[in-house]
Amino acid sequence: MTNYLLPFLPLLSRLSHMAFKIDSFRSKVDLLRLPLTLSSKSISSHKSQLGAVWEKGGGSGKGVVLKLRPPPAFDMDNESTYSSYSFKSSHSRSSRKHRERRDRHRSKSHDCAIRGDKSVIIQAPGEPLLDAESTIADDRDDNWGETTTVVTGTSVDSVSNEDLTRISKDLEDSSPLDCRRYISPVLGAILGLFSLITPLAFLGLPQLLWRDTLDPCGTPCEGLYISMAFKLLILFISTWALFLRPPRATLPRFYVFRCLLLALVFLFVASYWLFYGVRVLEPRETDYRGIVGYAASLVDALLFIQYLALVLLEVRHLQPAFCLKVVRTTDGVSRFYNVGYLSIQRAAVWVLDQYYSDFPVYNPALLNLPKSILTKRMSAFKVYNLEEENSTNNSTGQSRAMIAAAARRRDNSHNEYYYEEAEVERRVRKRKARLVVAVEEAFTHIKRHQDEETTASSPKHPREVMDPREAAQAIFAPMARAMQKYLRATRQQSYHTMESIINHLQFCVTHNMTPKAFLERYLTPGPTLQYLDNNRGRQWTLVSEEPVTASLRQGQVFCLKRLDFALVITVTPLPFLRLGEEFIDPKSHKFVMKLQSETSV
Amino acid sequence: MSFIPGQPVTAVVQRIEIQKLRQDSNLILGFSIGGGIDQDPGQNPFSEDKTDKGIYVTRISPGGPADVAGLKIGDKIMQVNGWDMTMVTHDKARKKLTKKNEDVVRLLVTRKSLEDAVKKSKNPSYPRP
């Protein structure tokens, strides 16, 4: 790690006008070591702020200087990183559009093509200091200035020094600052609000400015007022329903459709304003009915744009067109999903949604063959070198000889594996049986206290009335040992602490569950979602050979990486179905006896 | 060839011995059978009595082992290698004829011409040598 430290010393010296503890220093360095994501929406502020360091196109003077500008023709295979997949409950993809809108604004000035930019990201080797679930992990992507090359306009904002220091102070905080994530929805809301009040402004401005000279306009105008009011209401409600949802994921690149729509809305509203300004405000148009009609047409067109948005963003991808095979690299768990026409990044988000509820949790303890089996063959041969030191030749010759010898040797390790497996299976089943019996017995110790029984209970043996927590603690003791042994046998002990078991027991007791229902959580490894706490985002890296805004095609392969495992996704199109028709008259179902068959012998 | 239910069946039979011919891993006899107790006897073109559910020879391949052995079309098979063929299903008859470990089948067959021949010979007007 020291070789990584050295380049960052000037950087850190600039930043730190606060005294840093060594720990924070180190963690900050780790942050900076980690690969840059193109997107930067993490729930923690760190990423959002520090990501600004790598702003393309000149950078703010307030940002950190230590960065490299890429040579523009550096298009090689890219991998875009997709970060901070957060866990807010509602689904929206639409606030990405807000982010894209902002980015689009910036990209207009930076003149970067949406599709053409590819970035080269060099992944740091696996990070042993950070565990998979830490918040700091979410920050790591933006901050590696040394070797990142191009940064597209999507990902980076300028940040001030104060923000940087604030970020560094927040490193020890556990509460993430997520203002950056909400910038895009806010901007989107602003644009939406602006386009909603535009018709009202169209109507109101003439009234305010030259009310006296306006032609009076009676019933037709009022009819138009009513229709406009209702259409605006509908627009407002549908915008709220569809688009104003907190984002659930941040994508590495533009969300093309959303950008398109926002550009469309903006252009549309702008051109309407232009026309209005030139033709109505300037000459002080007196035909008020015409103005009202104009505003009504704006509202209509906005409704149609919203229809277009609905179709593009929500409906188009519903009809299945591709089958994605998702395989986890570490233990081979695979699933097949049908999706519609999506871009790679959207498909990645969708797959991750399904991943958290479909895939059993990744248990690294379950993967390896027992060491006793694997190492036996390694230590079988010792090679002694009796010759003179001859540097390079020896090692290869030696290893080759060992490999050849090992290959010729009769390999019995499969035998051992088989018996070992059988043994483990038997042990697990024995412990499971003990656990089930213990839990059943424990559950018979308590029963729900009915209020009518108070008078019936004998005064000599007053039963102590407990609340669920105490009841859970009371019956936990007899089953604790069996539970612990079972969890050890199935290598699940890291996922269930005693506290969590008692909580679950309390939950089951409260809801009148049977022992079997209580045990369901422990007997089968549940989906990953069950073991996560919701307040942190998840950092995933999308690795793809093509730009991630490309739509899915046959034969594409992309990966979603985490620290210790990855999901490999293969795309195949669903087959074209030729459905034929055959009509069978129900009266044509007739049967005869099989008569007079002739068999040749 | 009719029979009276409850009475033993009597018929004039001819013994025919057929050597099975090996033809690409099958042993064939060279004729086809029809009939059986699970078939419809009314469709049998060769039987006199249309309630007869016996096994009849419906086709002979010319030059085949059955033809060589003298089996004629329309013959009713009474026994195959000692197994009765008058009250069997079609499939059972086929199986008894196509046993793989037997090279030879010895049939007892009957036909109308045999009956007539015997009747004629019993006729006193027939000149006897």
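Residues are described as buried when their relative accessible area is under 20%, and in this predicted model the residues of helix H14(A) that meet this criterion are Ser413(A), Val428(A), Leu435(A), Ala438(A), Val439(A), Ala442(A) and Phe443(A). Helix H14(A) comprises 31 residues and extends 44 Å from its first C-alpha to its last, a span close to the 45 Å expected at 1.5 Å a residue. The helix also carries a salt bridge between Arg426(A) and Glu423(A), in which the closest N and O atoms are 3.4 Å apart. Because these two residues are 3 residues apart in H14(A), which covers residues 413–443, they are separated by about one helical turn. Neither partner belongs to the buried class, since Arg426(A) is partly exposed with a relative accessible area of 45%, and Glu423(A) is likewise partly exposed, with a value of 34%.

Nonpolar side chains were examined both in the interior and on the surface of chain A. In soluble globular proteins, nonpolar side chains tend to be buried together. The largest nonpolar core in the model has 29 residues, and those with the most contacts inside it are Phe202(A), Phe268(A) and Tyr288(A). Four helices of chain A, namely H7 (179–210), H8, H9 (256–281) and H10 (288–315), each supply at least two residues of this core, and the largest share, 11 residues, comes from H10(A). On the surface, by contrast, a nonpolar patch is formed by Tyr225(A), Ile226(A), Phe230(A), Leu233(A), Phe236(A), Ile237(A), Trp240(A) and Leu244(A), which together have about 820 Å² of accessible area. Of these residues, Tyr225(A) lies in helix H8(A), which spans residues 219–242, and at 32% relative accessibility Tyr225(A) counts as partly exposed.

Strand pairing was found in a later segment of chain A, where strand S4 (residues 538–544) and strand S5 (residues 557–561) pair in the antiparallel sense over 4 bridges. Within this pairing, Thr541(A) has Lys561(A) of S5(A) as its bridge partner. Strand S5(A) also pairs in the antiparallel sense with strand S6 (residues 566–573) of chain A, over 5 bridges, and here Cys559(A) stands opposite Val568(A) in S6(A). Strands S5(A) and S6(A) form a hairpin, with 4 residues between them.

Charged side chains provide a further set of contacts, and the count of salt bridges over all chains comes to 13. Side chains of opposite charge can pair when their charged atoms come close. In chain A, the side chains of Arg553(A) and Glu546(A) meet in a salt bridge with an N to O distance of 2.6 Å. Arg553(A) counts as partly exposed at 43% relative accessibility, and Glu546(A) is also placed in the partly exposed class, at 22%; the latter assignment holds because buried residues are those under 20%.

In chain B, Asp116(B) forms a salt bridge with Lys112(B), the closest N and O atoms being 3.1 Å apart. Both residues lie in helix H3 (residues 112–122) of chain B, where they are 4 residues apart, about one turn of the helix. Asp116(B) is partly exposed, with a relative accessible area of 34%, and Lys112(B) is partly exposed as well, with a relative accessible area of 35%. Salt bridges that share partners further join Glu48(B), Lys112(B) and Asp116(B) into one network.

Terms used:
Residues are numbered from 1 along each chain as its sequence is written. Chains are lettered from A and ligands numbered from 1 in the order in which they are written. This is a predicted model: local features need pLDDT of at least 70, side-chain atom pairs count only at pLDDT 80 or more; totals for chains, interfaces and linings use all residues. Side-chain values use heavy atoms; hydrogens and water are left out. Patches are made of residues with over 30% relative accessible area and no salt bridge: like charges are joined within 9 Å, nonpolar side chains (Val, Leu, Ile, Met, Phe, Trp, Tyr) within 5 Å. Accessible areas come from the Shrake-Rupley method with a 1.4 Å probe; for residues, only the protein chains shown count as cover. A salt bridge is a side-chain nitrogen of Lys or Arg within 4 Å of a carboxyl oxygen of Asp or Glu. Buried means under 20% relative accessible area, exposed over 50%, partly exposed in between (1.4 Å probe, protein chains only). Two strands pair if DSSP finds at least two bridges between them. The expected span of a helix is 1.5 Å times one less than its number of residues. A nonpolar core is a set of buried Ala, Val, Leu, Ile, Met, Phe, Trp, Tyr and Cys residues joined through side-chain atoms within 4.5 Å.
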